[in-house]
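Please examine the fold shown below together with its sequence. A student and a tutor then discuss how it is put together.

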Amino acid sequence: MKVNNLTVIHGPNLNLLGKREPQYYGSASLEEINKLLSNEASNANVSIEFFQSNSESDIVSKIQELKSDFIIINPAAFTHSSVSIRDALSAMKIPFIEVHLSNVFARETFRKESFFSDLAVGVISGLGPEGYIAALNYAANVK
Ligand code: DQA
């Protein structure tokens, strides 16, 4: 399967990147991360769109509308709570990679639980913005 259209979904509080707990999330803003991804996507000849929301229902509605053939999602805090976002991804059957900037396994116990990982093609956690780039390159090279 050749991936032509990729959607990157950023969950709640990721709009605060750059200012938010840099010891976990680094100093890059969301805009900077999206710019890196846009450059990488254009090198890989993949079209890319970005969506960020602090609202669970907006993320569910967005997933239901998607026409893209691959998703990179950082569900942020919804990772550990959202059956509805999980169900939307499951219903749409669009392959996805789950990305976390921080290493969720090295933090509080509740962050080790994800409602997404068993459905994901793969999970990347702890590599900062590089994790999104790795996910994009994986998607761009899927055969
Ligand atoms: C996060 C990890 C989550 O536990 C947290 O709620 C976030 C960001 C990450 O990118 O490391 O908001 O998904």
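The dialogue below treats the sheet, the cores, two helices and two individual residues.

Student: On what basis are the residues numbered, and which confidence limits apply?

Tutor: Residues are numbered from 1 along each chain as its sequence is written, and side-chain values use heavy atoms, with hydrogens and water left out. This is a predicted model, in which totals for chains, interfaces and linings use all residues, local features need pLDDT of at least 70, and side-chain atom pairs count only at pLDDT 80 or more.

Student: What is the order of the strands in the open sheet?

Tutor: Strands (E, at least two residues) and helices (H or I, at least four) are DSSP runs numbered from the N terminus, and two strands pair if DSSP finds at least two bridges between them. Strand 1 is joined to strand 2 by six bridges and to strand 3 by five, while strand 3 and strand 4 pair over three. The open sheet has five strands with parallel pairing, in the order 2-1-3-4-5.

Student: Which strands stand at the edges of this sheet?

Tutor: The sheet order is 2-1-3-4-5, and its twist averages 15 degrees from one strand to the next. An edge strand here has a single partner, so one side of it is left without a neighbour in the sheet. The strands in that position are strand 2 and strand 5.

Student: Which residue is the bridge partner of Ile-72 in strand 4?

Tutor: Strand 3 and strand 4 are paired in the parallel sense. Within this pairing, Ile-71 stands opposite Phe-96. For Ile-72, the bridge partner in strand 4 is Ile-97.

Student: How many residues of strand 4 are buried?

Tutor: Buried means under 20% relative accessible area, exposed over 50%, and partly exposed in between (1.4 Å probe, protein chains only). One side of strand 4 carries Phe-96, Glu-98 and His-100, the other carries Ile-97 and Val-99, and all of these are buried. Of the five residues in strand 4, the number buried is five.

Student: Which element gives the largest share of the largest nonpolar core?

Tutor: A nonpolar core is a set of buried Ala, Val, Leu, Ile, Met, Phe, Trp, Tyr and Cys residues joined through side-chain atoms within 4.5 Å. The largest has 25 residues, and those with the most contacts inside it include Leu-6, Ile-72 and Tyr-132. Strand 1 (5–10), helix 2 (30–43), strand 3 (70–74), strand 4 (96–100) and helix 5 (129–140) each give two or more residues to this core. The largest share, six residues, comes from helix 5.

Student: At about what angle does helix 5 run to strand 3?

Tutor: Axes are lines fitted to C-alpha atoms, for helices over the stretch in contact, and angles run from 0 to 180 degrees between N-to-C directions. Contact means heavy atoms within 4.5 Å, and the buried residues of helix 5 pack against elements including strand 1, helix 2 and strand 5 (122–125). Helix 5 lies across strand 1, strand 2, strand 3, strand 4 and strand 5, and its angle to strand 3 is about 165 degrees.

Student: Why do the buried residues of helix 4 line one face of the helix?

Tutor: In helix 4 (residues 83–92), the buried residues are Ile-85, Ala-88 and Leu-89. The arc considered is that of the directions from the helix axis to the C-beta atoms. Helix 3 (56–65), strand 3 and strand 4 are among the elements that cover these residues. They line one face because, seen down the axis of helix 4, they fall within an arc of 95 degrees.

Student: Is Leu-127 buried or exposed?

Tutor: Leu-127 is found in the loop between strand 5 and helix 5. Leaving out residues up to four places away in sequence, Leu-127 touches His-100 and Leu-101. At 52% relative accessibility, Leu-127 counts as exposed.

Student: What is the relative accessible area of Ala-134?

Tutor: Ala-134 has its place in helix 5, where the buried residues include Ile-133 and Ala-135. Ala-134 itself is partly exposed, with a relative accessible area of 36%.
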